[in-house]
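I opened the model to look up a few contacts and sites. My notes follow in the order in which I checked them.

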Amino acid sequence: MEDGLYSDVLQFRRRGRCCRPGVQMALLGLVTAMLWAGLLTLLLLWHWDTVQGLKRLEDIAALNVSQVSKDLERHRGDQMAQKSQAAQMLQNVEEIQVEQKRMKTQGLELSQNLDGLQEGLSNLKSQGLNERRTALNALERLWEEVAKLWIELRVSNGSMCNTCPEKWVNFQRKCYYFGEGAKRWIQARYACSELQGRLVSIHNQEEQDFLAKYINKKGSWIGLRDLNTEGEFVWMDENPLDYSNWRPGEPNNGDQGEDCVMMLGSGQWNDAFCNSYLDGWVCDRLATC
Ligand code: MMA
Ligand code: CA
């Protein structure tokens, strides 16, 4: 039974060489065909694998692309919303800036108005105070005139009207106090007011002669000064300077500026530095009936 291909192979094994040349060729062709078939199968398998892989990759890529495009779409939407939000915010900021500017101008106007009002108020206040002071002065002078008239009336009815408080000296219708103790002019003025009197005003020669008799020999402050306008002397009783008894050469407004008047020991007057301390000062007030 050793015929055909099998017997050829057996013969090839036994003899070390193979069969007939036709069989040899057929064998070779068969082997070659099998090899090709194997190779082709391998190639097909490999191709199939690759195709499958590519398909998978394509699917993944398509998925990714759709995901990315979705993201992109969403992102675009977000961006648009942000853009419109930003535009809205910009508009709001602009509106706020305009409002801020308007408020600033309004604030400035208000503060200017307030300044004006405050100035007006303080003007009114000082005007009111001035008017009050003037009215009080006028009233005081009026009272003084009434008191003088009253005294004259009483004298004409036979009253003496020469009563003075203790330590005060009477002359005609007035009382005089000859104060002693070093004082500046302003301190002397205050001392007289504490005694319900005023630094003395002198209006005639008789009064001057009376005072000269009692006057402190070292000098005394009297109620005359030119504090507000240089050379314009004013009496404390506000009556005009209708009489004077200056020492020759006075008033000279000496070197430091002399705005207050003193009576020298001789009885003559001299303008002196208001802050000088004088040992004497003379007050007056109306006598009573
Ligand atoms: C003093 C002083 C002045 C006055 C002169 C006069 C030196 O100054 O009392 O008020 O005018 O004397 O010589
Ligand atoms: Ca003088």
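With which side chain does the side chain of E207 make a polar contact? I was working on a predicted model, and there I found the side chain of K174 as the partner, at 2.7 Å. I placed E207 in helix 4, which covers residues 205-214. I then asked whether E207 is buried or exposed. Its relative accessible area is 4%, so I entered E207 as buried, the cut-off being under 20%.

Next I went to the calcium ion, which is ligand 2. Which atoms coordinate the calcium ion? I listed OE of E250, OD1 of N252, OE of E258 and OD1 of N270, and from D271 both the backbone O and OD. These distances run from 2.3 to 2.5 Å. I also wrote down how the donor residues are spaced in sequence: E-x1-N-x5-E-x11-N-D.

I looked up the accessibility of two of these donor residues. E250 has a relative accessible area of 15%, so E250 goes down as buried. N252 comes out at 44%, and therefore I noted N252 as partly exposed.

I then turned to ligand 1. Which residues are around ligand 1? I found R247, E250, N252, E258, N270 and D271. By class, this shell holds four charged residues, two polar ones and no nonpolar ones. E250, N252, E258, N270 and D271 were already in my notes as donors to the calcium ion.

I recorded three distances to oxygen atoms of ligand 1. A polar side-chain atom of N252 is 2.7 Å from one such oxygen. For N270, an N or O atom of the side chain lies 3.0 Å from an oxygen of ligand 1. With D271 the backbone is involved: an N or O atom there is 2.9 Å from a ligand 1 oxygen. Ligand 1 exposes 330 Å² when taken alone, and the protein buries 46% of that.

Last, I checked helix 2. How many residues does helix 2 have? I read 136, from residue 21 to residue 156. From the first C-alpha to the last, helix 2 reaches 194 Å, which is close to the 202 Å expected at 1.5 Å a residue. Within helix 2 I noted V23, G53, E144 and I151 as buried. Just after helix 2 comes G158, where I read a positive phi of about 100 degrees.

Notes. Residues numbered from 1 in each chain as written. Chains lettered and ligands numbered in written order. Predicted model: local features only at pLDDT ≥ 70, side-chain atom pairs only at ≥ 80, totals over all residues. Heavy atoms only, no water. Near = heavy atom within 4 Å. Polar contact = N/O pair within 3.5 Å; in protein donor to acceptor, adjacent residues only side chain to side chain. Areas by Shrake-Rupley, 256 points an atom, 1.4 Å probe, with all protein chains shown as cover. Nonpolar A, V, L, I, M, F, W, Y, C, P; charged D, E, K, R; others polar. Donors = N, O, S within 2.8 Å, 3.2 Å for Na, K, Ca; no water. Buried < 20%, exposed > 50% of the residue type's maximum accessible area, 1.4 Å probe, protein only. Helix = DSSP H or I, 4+ residues; strand = E, 2+ residues; numbered from the N terminus. Expected span 1.5 Å × (residues − 1).
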